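User: Please give me a close look at one part of this model, the aromatic pairs, and then connect it to the helices and strands. Keep it plain, and state the cut-offs as you go.

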Amino acid sequence: SLLQVRLWRHTGGWRGREGTPYSTLVPSDEVTINYRHGLPVITLMLPTRSERCQFTVKPVVTTVGAFLQDVQREDKGIERAEVLATDGSKVSDATLMEVLLMNDFKLVINNTAYSVSPPVKDKLSSEHATEMEDIKSLVHRLFVALHLEDHQIRKERELLQRLDHLKGELLPLEQMKARIMDSADAKTSRLLWVGLALMSTQGGALAWLTWWVYSWDIMEPVTYFITYGSAMAFYAYFVLTKQDYIYPHAKDRQFLHYFYRKSKKQRFNVERYNKLKDDLAEAEESLRRLRQPLHLRLPIQEISDKD
C-alpha cells in the first residue's frame, strides 16, 4: 500500500539482508513490554502457533542473541529472528537487553517487522530502596551465619595445603642457605682474626723499631703518618659505603659480600627465597587470624588496627 511504501522510505529502507522489503509492518501494540517484579516481560505473537507468548528476560545478563534463541526455540517455524535499530541497522547479538530496552527498536520475525517501544521503568522510591538494602543486608548476614563454619573449614584446609607446599619448596633452599651462611660466617671470622693479627704485628714492629733499632724522635713521624693513613682509609670507607666505619656494621657488610658471592657460585636464588618466605609468613598470619574466634566476624582493617 501507499502508506507502507511511505514507511519504508521514511525509515531509510525497511529491507532485509537480501535487499527485499519486509512484507508486513506491524504496529507496536503487537509486541508489548511490561515490568513484573522488576524484570521486563516481552509478550509477542508466535507466527506458526498463532498464540501469544511471554518471555521474561534478565536485562543485566541476557543478550539479544540469547533472547532471539529463546524465541526460535519456542516456535520451530521461525526461520529468521533479528533486532534492528530505528534507523534500520542491525543490533549485535552480544548487546545486553538492558541496553536494548533503553530505546525503541524493531523486532523482525521471518518477514514481519514489529515496532517496539519499551516503557520507561519507574525508579524506586527512597523508602523502597532503603527497604531493599535492609533485606539484602539481612540475607547476607543469614548466609554468613549459616555458611561461616563450612567456609572457615574450607579456607583453613586451603591455607594448610598452601603452607605444606611452601615449606616443601623452602626446604632445599633453607638447607642451601644454611651451608652458604656457614661458609660466609667462617670467612668473615677469619678476616677479623687476620685483621687482629696484622694490628698486633704492626704494634710489635713499631715497638721494636722504637726501643731497639731507632729512637722515639725518629719513629714519632712514622707513627703520625700511619695514624693519618688509617684516618684516610676510614674516610675512604665512608665515601664508598656512605656508612661510618663501625665494627659490627663492617662485619655484617663483609658477611653479606661473602654470602652473595657464594650464592652466585652455587646458583642460590635469593629473590625467590625471599618471595617464598614472604608468602609463608602471609599464609601463617592468615591462618592465625582465621583460628581466632573473635576475629572471624571482623573486617581485615579492624583486625589490623587491633593487632
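Analyst: Helices (H or I, at least four residues) and strands (E, at least two residues) are DSSP runs, numbered from the N terminus. This is a predicted model, in which local features need pLDDT of at least 70 and side-chain atom pairs count only at pLDDT 80 or more, while totals for chains, interfaces and linings use all residues. Residues are numbered from 1 along each chain as its sequence is written, and side-chain values use heavy atoms, with hydrogens and water left out.

Rings of Phe, Tyr and Trp (its six-membered ring) pair if their centres lie within 6.5 Å; planes under 30 degrees apart count as stacked, over 60 as edge-to-face and the rest as tilted. On that basis the structure holds eight aromatic pairs. One of them is edge-to-face: Phe55 and Phe67, at 6.0 Å centre to centre with 85° between the planes. This pair links distant parts of the chain, since Phe55 lies in strand 4 (residues 51-56) and Phe67 in helix 2 (residues 64-74), 12 residues apart. Phe55 and Phe67 are both buried, where buried means under 20% relative accessible area, exposed over 50% and partly exposed in between (1.4 Å probe, protein chains only).

Tyr235 and Phe238 form a tilted pair, 6.5 Å centre to centre and with 40° between the planes. Because these two are three residues apart in helix 5 (residues 216-241), about one helical turn separates Tyr235 from Phe238. Tyr235 is exposed, at 56% relative accessible area, and Phe238 is partly exposed, at 36%.

Ring pairs also join Phe255, Phe259, Tyr260, Phe268 and Tyr273 into a cluster. Among the buried residues of helix 6 are Phe255 and Phe259, along with Ala250, Tyr258 and Ser263. The expected span of a helix is 1.5 Å times one less than its number of residues. For the 20 residues of helix 6 (residues 247-266) that gives 28 Å, and the end C-alpha atoms are 29 Å apart, which agrees. Arg267, just after helix 6, takes a positive phi of about 60°.

A positive phi also appears at Asn110, near 55°, in the hairpin of strand 6 and strand 7, which has two residues between the strands. Two strands pair if DSSP finds at least two bridges between them; strand 6 (residues 105-109) and strand 7 pair in the antiparallel sense over five bridges. Val108 has Ala113 in strand 7 as its bridge partner. Four of the five residues of strand 7 (residues 112-116) are buried, so strand 7 is largely enclosed by the rest of the structure.
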